[in-house]
Amino acid sequence: MKRTEPPAASTPSPSKRNKTSNDLPFSGMSICVSGQMSCNRTGFHKRLTDYGAQVVTGISNKTSHLITTHVEANNPTGKVLAAMNKNVSCVSEAWVNDSITSGMALDVSEYLLIDTNLQGGSSASETKNSDINNNTRSIVANARNAGTVIKVRANQSSANAARQVMFAEKYVAD
């Protein structure tokens, strides 16, 4: 059963339980945060580091997880798009809360906010879908980087840009 609220205040911090860094749920993980969490950003980062995570401000090849919101997953920000391109697991805050409560990092499959099919895949059965998804991610990224305002003109370039934005919004909403 997934929880959506942070663990109760009575949950002792790792330092009060004399845990070593290897015993912490997020030990060895590089975690990035995007969006509004249940507490302020500084407090949320402290919770993550208290439980062993290295908190980073951007997505890199070393980033293991992006903690984000449904809103950002449905309307990808730069961090979400970067995470998708690098196949970083985009999970909800509930994954953090439940992992802390259980004392170990839980399987992310129940907490994923981005369909794993959108994040590509390397198995033989997913090769064709991976090519399609890489192209789709590129179109979505290009549309998002194009800006929010598109002037409609009676030329092919403007029509292509409008189609790109409409496709991105339709694709992300599904």
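**Figure 1. Close-up of D50 and its salt-bridge partner in helix α1 of the predicted model.** D50 is partly exposed, its relative accessible area being 29%. Its side chain meets that of K46 in a salt bridge, with an N to O distance of 2.9 Å. K46 is likewise assigned as partly exposed, because its relative accessibility of 49% falls short of the limit of over 50% set for exposed residues. The two partners lie four residues apart in helix α1 and are therefore separated by about one helical turn. An α-helix has 3.6 residues a turn, so residues three or four places apart point the same way. Side chains of opposite charge can pair when their charged atoms come close. A search of the whole structure returns one salt bridge.

**Figure 2. Packing of helix α1 against helix α4.** Two packed helices are described by the angle between their axes and the distance between the axes. For α1 (residues 41-50) and α4 (residues 93-102), the angle is about 40 degrees and the axes are 11 Å apart. The two helices are therefore oblique to each other. The crossing of α1 past α4 is left-handed. On the α1 side the contact is made by F44, R47 and L48, and on the α4 side by E93, V96, N97 and I100. By residue class, this contact comprises four nonpolar, one polar and two charged residues.

**Figure 3. Surroundings of helix α4.** Eight of the 10 residues of α4 are buried, so this helix is largely enclosed by the rest of the structure. The buried residues are E93, A94, W95, V96, N97, D98, S99 and I100. They pack against helix α1 and against the strands β1 (30-33), β3 (65-67) and β4 (89-91). After α4 comes G103, which has a positive phi near 80 degrees.

**Figure 4. Two further residues of helix α1, R41 and T49.** R41 is located in helix α1 and is partly exposed at 35% relative accessibility. When residues up to four places away in sequence are not counted, R41 touches V33, S34, G35 and Q36. T49 also belongs to helix α1, and its relative accessibility of 40% makes it partly exposed. The C-alpha atoms of T49 and L24 are 9.7 Å apart in space, while the two residues are 25 residues apart in sequence.

**Figure 5. A53 in the loop between α1 and β2 (54-56).** A53 is buried, with 7% relative accessible area. Neighbours within four places in sequence being left aside, the contacts of A53 are with F26, M29, I31 and L48. A53 and S27 are 26 residues apart along the chain, yet a distance of 5.5 Å separates their C-alpha atoms.

**Figure 6. Environment of S30 in strand β1.** S30 counts as buried, because its relative accessibility of 8% is under the 20% cut-off. Apart from neighbours within four places in sequence, S30 is in contact with Q54, V56, K62, T63, S64 and H65.

**Figure 7. Backbone conformation at N87.** N87 lies in the loop between α3 (78-85) and β4. Although N87 is not a glycine, its phi is positive, at about 55 degrees. Most residues other than glycine have a negative phi, and most peptide bonds are trans. N87 is partly exposed, with a relative accessible area of 47%.

**Figure 8. Overview of the predicted fold, for placing the close-up views.** The protein contains six helices and four strands. Along the sequence these elements follow the pattern β-α-β-β-α-α-β-α-α-α. Of its 174 residues, 36% count as buried. Among contacts between residues at least 6 apart in sequence, 68% join residues at least 24 apart.

Terms used
Residues are numbered from 1 along each chain as its sequence is written. This is a predicted model: local features need pLDDT of at least 70, side-chain atom pairs count only at pLDDT 80 or more; totals for chains, interfaces and linings use all residues. Side-chain values use heavy atoms; hydrogens and water are left out. Axes are lines fitted to C-alpha atoms, for helices over the stretch in contact, and angles run from 0 to 180 degrees between N-to-C directions. Angles under 35 degrees count as roughly parallel, over 145 as roughly antiparallel, 65 to 115 as roughly perpendicular and the rest as oblique. A crossing is left-handed if the near helix is turned anticlockwise from the far one by less than a right angle, and right-handed if clockwise. Contact means heavy atoms within 4.5 Å. Ala, Val, Leu, Ile, Met, Phe, Trp, Tyr, Cys and Pro count as nonpolar, Asp, Glu, Lys and Arg as charged, and the others, Gly among them, as polar. A salt bridge is a side-chain nitrogen of Lys or Arg within 4 Å of a carboxyl oxygen of Asp or Glu. Buried means under 20% relative accessible area, exposed over 50%, partly exposed in between (1.4 Å probe, protein chains only).
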